[in-house]
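Reader: I have just opened this structure for the first time. Could you walk me through it with a few questions and answers?

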Protein chains: 2
Amino acid sequence: MSQILQEVLAANKQYQAEFGDKGSLALPPARAFAILTCMDARLDPAKYAGLSEGDAHVIRNAGGRASDDAIRSLVISYKLLGTKEFFVIHHTDCGMLLFTDDIMRDLLASSLETATVDENGWHDVGQGPGSAEARNIAFLTFKNLEQSVIDDVQRIRQHPLVPATIPVYGYIYDVKSGQLLEVPAATQIGQAK
Amino acid sequence: MSQILQEVLAANKQYQAEFGDKGSLALPPARAFAILTCMDARLDPAKYAGLSEGDAHVIRNAGGRASDDAIRSLVISYKLLGTKEFFVIHHTDCGMLLFTDDIMRDLLASSLETATVDENGWHDVGQGPGSAEARNIAFLTFKNLEQSVIDDVQRIRQHPLVPATIPVYGYIYDVKSGQLLEVPAATQIGQAK
């Protein structure tokens, strides 16, 4: 058993010991909202947005993008579980700003091992075959952080499965300060009708 | 400004005040692993798996499914940010067990408003047009919880963009106790080669 697996299971045992009455929480989110945010390790949405267990849905992927899968999750969130407000929260220093889809495809085509970056940019240290599969993937990288929030709020707002009555707020989380900063143009686009 | 938005921003202000030296955390996850789990409001992966900010990537969607978008995120996670172990963690009492893709499509075809469920099953209370768009979406519901973990670990293991050197562990989180329970057949399939 790996050290990480041992640590996770030990932490989980501790959590169980302090679990209290959380076993009686209901399935629908008590505070009826959903957050779409990035998988970035520095982000803890429960902490930065003040969520207790049972409060809100949290959807996370690379970039916090409004991918088809994120939309699937948001639709299930409001349709079956009654959420009424959505947040899109990207963040400063996001990995998705650092590279492009083309870089990602080139790196994966040469090997499947972890790539490294130095002053000359990304390069591969791995040996062995990569995969042509990468040619068909949109990695959803972006060049402008504010615009990425605007684009994703807009995609959700305009999606035929998202009711006009749900407001969609656009924010950026600052990894240096922990602050949530509104992207007013996004929130404006995302307002409920 | 909605009450939820006010509460989130107030909680965020509190978080900023206690932010400490977290502004110096590095982009790559310090503990070099990633968790794929459900968006369910009752789950807090940081708490149930013992994560501090900066430790690990957390990917979440409805069901914790190994969707194309989750795979995209996992590939970025190891390839650019060096994670070396993956967890797939589904949970008991998951919404994805309660309905089928057909139910979801029918509900969305009749209206976009929140549906309700009673002893006769799901039904729509909303008025107005739904959307034909739902006909094209795979909602990734499942009938058997253990099998869903096995299927998703297998999909990740067999994916051409996932290196054979990364172990993929399969677990179920029990919402009644907070316990992580291994799905041995999944972990077996997911073992590194």
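Reader: Which helices each supply at least two residues of the lining of the largest pocket?

Author: Happy to help, and please keep in mind that this is a predicted model. Both chains take part in the lining of the largest pocket. Chain B contributes through α3 (68-81), while chain A does so through α3 (68-81) and α6 (145-158).

Reader: Which of these gives the most to the lining of the largest pocket?

Author: The lining has 14 residues, and those nearest the pocket centre include D68(B) and D69(B). With three residues, the top contributor is α3(B).

Reader: How many residues of the lining are charged?

Author: The pocket holds about 320 Å³ of space. Its lining includes four nonpolar and two polar residues. The charged residues in the lining number eight.

Reader: What is the area buried between chain B and chain A?

Author: The contact draws 90 residues from chain A and 90 residues from chain B. Carbon and sulfur atoms give 63% of the buried area. On the side of chain B, M39(B), R72(B) and K79(B) lose the most, together 10% of what that side buries. The area buried between the two chains is about 7,700 Å².

Reader: How many salt bridges are there between chain B and chain A?

Author: Polar contacts join 49 residue pairs across the two chains, with both residues at pLDDT 80 or more. For a salt bridge, one example pairs the side chains of R31(A) and E7(B) at 2.9 Å, N to O. Between chain B and chain A, the count of salt bridges is six.

Definitions and conventions: Residues numbered from 1 in each chain as written. Chains lettered and ligands numbered in written order. Predicted model: local features only at pLDDT ≥ 70, side-chain atom pairs only at ≥ 80, totals over all residues. Heavy atoms only, no water. 1 Å grid on protein atoms, 1.4 Å probe; cavity = no way out; pocket = protein on both sides within 12 Å on 5 of 7 lines; lining within 4 Å. Points joined across faces, edges and corners; volume = space filled by probe spheres on them. Helix = DSSP H or I, 4+ residues; strand = E, 2+ residues; numbered from the N terminus. Nonpolar A, V, L, I, M, F, W, Y, C, P; charged D, E, K, R; others polar. Contact = heavy atoms within 4.5 Å. Buried area = accessible area lost by both parts, 1.4 Å probe. Salt bridge = Lys/Arg side-chain N within 4 Å of Asp/Glu carboxyl O. Polar contact = N/O pair within 3.5 Å; in protein donor to acceptor, adjacent residues only side chain to side chain.
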